[in-house]
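Please walk me through this structure, beginning with the ligand and moving on to the helices and the loops.

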Amino acid sequence: MNIHGQPHRSIEAEHATRSARIIDQTFLPHQVEWRELHTMEEAAESIRVMRVRGAPLIGATAAFGLFFALREDASDAALQKAYEVLHATRPTAINLRWALDRVKRVVEPLGSEQRADAAWEEALAICEADVATNHAIGRHGLELLRAIQAKKADPAAPMNVMTHCNAGWLATVDWGTAISPIYQAHDAGMNVHVWVSETRPRGQGASLTAFELKEHGVPYTLIVDNNAGHLLQRGLVDVVIVGTDRVTAHGDVANKIGTYLKALAAKAHDVPFYVATPVSTIDWTISDGIREIPIEQRSDREVTHMPGLNAAGVRDEVLITPAGTQARNDGFDVTPAALVTALVTEHGAVLATAAALRELRGLM
Ligand code: MRU
C-alpha cells in the first residue's frame, strides 16, 4: 500500500542485515516512523506495546522474532524460551500461535546450524502468503459488495460500508482483511464510502483506518463508536465488514471491543455483517468463543486518558475522568456465530457454522 505515494508494507525484510523494518504504529497518524527490529526482545516488545498490532501482523512479527532468537542461539532450549516469550505478548490473536507453530515445525527437525536460515525463509514465506491471502479475501469481498450494490434502489448511490478498529494493511503485511474489499472496490471504480468507527480506547479507527483510507483516497467519515446503532437504524449502512483476532471452529468471532454491539444492531436492522478472516485466524481447537477465547485485559489508563497532538504539535495525553477513577478495559469481545452473515476467507465466503467450517478445513 502507499504511504505518501510510495509503495510499502507494514513489515519489510531487510535482507542485507537480516532485520525487519516496521512502521511504529504508536506514532500514527501524525508521524510515519520506521523502526528496525534485530532481536527477539525488540520483536516481543513491539508486539506487547502495540507498535505492531492486528492479528496477521502480530503473527508475521513473531515469526521474525523466532528467527532473531535462533540467530543468537539455535538450541532446543532457546527455541522453546523464545516461543514462550513471544507467545505471551498478546493473548487473543490466534495468528501469533499459528505463526510461531509454523516456524517451530519447520526448524525443530533441523540441525542447529540450519535453523536460523530456515526460520528466516519461513518468516519471509509467512509475509508473502499473508499478502496473497488478503488480496484473495478482497476479491471475494468485492463480489459481495457488488451483489449488495446491485440490489440498491439507486446502484449509483454510494455504497456505505461500516467497519470497526483497523483491519486494513496496517493490521496485516499488506491489503488488510476487512479493508481489502474496500480498496479493491474503490480501485474498480465503485462509489464506496466508509463509516470509520473511532474504536475507543486506543482509537485504531480514528488513527489507523482513517490514515490508511486517506492515503488511498477512499472517502470516509469518522464516527464515535456510539453512533453505529443510529446509522444502522436510519438505513445509512449497506454492510458492516470487520476483521477478527480469532474464529472458533463453530464460527464465533473475537474482535476489537465494540464489534458485538455492531453485530447486534446490524442483525436488528437486517444489514449484512461480514467478518473477513484468513484461515490462519481460525482456531480449530475451540468451539465456544464466549467460554474459550481469552480476552486481553488492558491498562485502565487507556480509558481514563486520551492521547493526541497538543497545541504545540507534541504527542501528549490528557486525563478525562476524576483523578483515581477505576476503569475496566477489555480489549476484545465475542460475536456469536448466529450474528455473522458470513466469513470472508481467502477461499471465498463461508457460513459461520460448524458444518461449513468443517467443509472448509477439508479443502486444505
Ligand atoms: O488490539 P489490536 O489493534 O491488535 O486489534 C486489532 C483488531 O481487533 C483487528 O480487527 C483484528 O486483529 C483483525 S486484523 C486484520
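A polar contact, as the term is used here, is a pair of N or O atoms within 3.5 Å. With that cut-off in mind, the ligand of this predicted model is a convenient place to begin, for an oxygen atom of the ligand is 2.8 Å from an N or O atom in the side chain of Arg90. Gln204 likewise has a side-chain N or O atom 2.8 Å from an oxygen atom of the ligand, while for Arg53 the distance between a polar side-chain atom and a ligand oxygen is 2.9 Å. Of the 420 Å² of accessible area that the ligand has on its own, the protein covers 100%. There are 19 residues around the ligand, and those that come nearest are Arg53, Arg90, Gln204, Asn255 and Lys256.

From the ligand we turn to a pair of helices. Helix α2, residues 55–72, and helix α4, residues 94–107, have axes that come within 7 Å and cross at roughly 35 degrees, and the crossing is right-handed. Where they meet, α2 contributes residues including Ile58, Ala62, Leu66 and Leu70, and α4 contributes residues including Leu96, Leu100, Val103 and Lys104. The residues of this contact comprise 12 nonpolar, two polar and one charged.

The loops hold some backbone details that deserve a careful look. Between β4 (19–23) and β5 (34–37) lies the loop with Pro29, and the peptide bond leading from Leu28 to Pro29 is cis, with omega near 5 degrees. A cis peptide bond also joins Arg200 to Pro201, again with omega near 5 degrees, and Pro201 belongs to the loop between β7 (192–197) and α7 (204–216). Finally, Arg18, in the loop between β3 (11–14) and β4, has a positive phi near 45 degrees although Arg18 is not a glycine.

Definitions and conventions. Residues numbered from 1 in each chain as written. Predicted model: local features only at pLDDT ≥ 70, side-chain atom pairs only at ≥ 80, totals over all residues. Heavy atoms only, no water. Axes fitted to C-alpha atoms, helices over the stretch in contact; angles between N-to-C directions. Helix = DSSP H or I, 4+ residues; strand = E, 2+ residues; numbered from the N terminus. Left-handed = near helix turned anticlockwise from the far one by under 90°. Contact = heavy atoms within 4.5 Å. Nonpolar A, V, L, I, M, F, W, Y, C, P; charged D, E, K, R; others polar. Near = heavy atom within 4 Å. Polar contact = N/O pair within 3.5 Å; in protein donor to acceptor, adjacent residues only side chain to side chain. Areas by Shrake-Rupley, 256 points an atom, 1.4 Å probe, with all protein chains shown as cover.
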